[in-house]
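Student: Could we go through this model together? I would like to know the reasons behind the labels people put on it.

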Amino acid sequence: MWRFMHRVIMSRCDFSNLKFLNYGYVSLDPKCELLKLDESDELERYCLQLYNYTVSDVNLKGKDILEVGSGRGGGASYITRYYEPNSYVGLDLSKKLIRFCNKNYNLPGLSFIHGNAEKLPFDDMSFDAIVNIESSGSYSNMDKFLSEVYRVLRPGGYLLLADFRTIQGNELLRNQFKAAGLNIINEENIVKNILKATDLDYERRFKLINNKAPLYMKSLSKEFSSLKGTKRYELFDDGSLIYLRYILKKS
Ligand SMILES: C[S@@+](CC[C@H](N)C(=O)[O-])C[C@H]1O[C@@H](n2cnc3c(N)ncnc32)[C@H](O)[C@@H]1O
């Protein structure tokens, strides 16, 4: 259902300037220094901060990285420019989004490819790390994705994942990681950080939806964006949905 909604929204609304499709992240520690960004990255700061927080505890410099579900490529571009990997491949199921990325990003070491998370078009042990942000919840078969992750990661490689689940969904997820041979190095519920980010980013998201979505898509787009006042926001707020950031390591 979620995957279908996403496809409908993206095909009916003109969000052509967006580089990210996630809820965003903000630190709740008042002493935390603001992430230094180029002027051109400021517009979607909160979405970019979700990428930064998800990958920041692993050294990516000089590494070969795959992102599964790279969307509009903003995270791939950010990590390539700020973390200096050797190579970064963004993969997405949507051919339209891959076309968008290939047209809009031209950075040494960065490439985009069409493909399915459940059947990755790469040789065994091709990558040092896999990034996966707000994408895994829409896969038909999470076990297949995780076995593909295990196959294409080098020994000791990382899966850096951020996404939301119910409490029971997260218990299942932990078991799925274990069964796939991925050790949990860190698990954190960052739902409060996500909600704060959607609050701080409210005006930009609200204006964007009001200006770019056709009338009949506005309320669905607000729901998808988890704006304050939507059912989705409430589910995060009352604990029915949690938002997780995982660092996993191939055993
Ligand atoms: C909510 S968007 C997040 C995009 C990006 N990670 C971001 O944070 O901006 C989810 C993305 O996952 C992609 N996706 C969904 N199912 C997929 C699959 N089976 N294989 C690869 N990509 C998939 C969608 O096309 C979409 O671009």
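Tutor: Gladly; we will take the sheet, a pair of helices and the ligand shell in turn, bearing in mind that this is a predicted model.

Student: What makes S3 and S6 the edges of the sheet?

Tutor: Start with the order of the seven strands in this open sheet, S3-S2-S1-S4-S5-S7-S6, where the pairing is mixed. Strand S3 (110-114) and strand S6 (182-189) each have a single partner strand, so one side of each lacks a neighbour in the sheet. From one strand to the next, the twist averages 15°.

Student: How do you know that S2 and S3 are paired?

Tutor: Pairing needs at least two bridges between the strands. Strand S2 (residues 87-92) and S3 run parallel and are joined by five bridges, so the requirement of at least two is met. One of the partners to look for is Phe112 in S3, which is bridged to Gly90.

Student: Why are H2 and H3 called oblique to each other?

Tutor: Their axes cross at roughly 55° and come within 10 Å. Angles under 35 degrees would be roughly parallel, and 65 to 115 roughly perpendicular. The angle of roughly 55° falls in neither range, nor is it over 145, so H2 and H3 are oblique. Their crossing is right-handed.

Student: Which residues make that contact?

Tutor: H2 brings Cys47, Leu48, Tyr51 and Val55, while H3 brings Gly74, Gly75, Tyr78, Ile79 and Tyr83. By class, seven are nonpolar, two are polar and none is charged. Gly counts as polar.

Student: And what surrounds the ligand?

Tutor: There are 21 residues around the ligand, and the closest are Asn22, Gly69, Gly71, Ala117 and Ser135. The shell divides into eight nonpolar, 10 polar and three charged residues.

Conventions. Residues are numbered from 1 along each chain as its sequence is written. This is a predicted model: local features need pLDDT of at least 70, side-chain atom pairs count only at pLDDT 80 or more; totals for chains, interfaces and linings use all residues. Helices (H or I, at least four residues) and strands (E, at least two) are DSSP runs, numbered from the N terminus. Axes are lines fitted to C-alpha atoms, for helices over the stretch in contact, and angles run from 0 to 180 degrees between N-to-C directions. A residue is near a molecule or strand if its C-beta atom, placed from the backbone, lies within 6 Å of it. A crossing is left-handed if the near helix is turned anticlockwise from the far one by less than a right angle, and right-handed if clockwise. Two residues are in contact if their C-beta atoms, placed from the backbone, lie within 7 Å.
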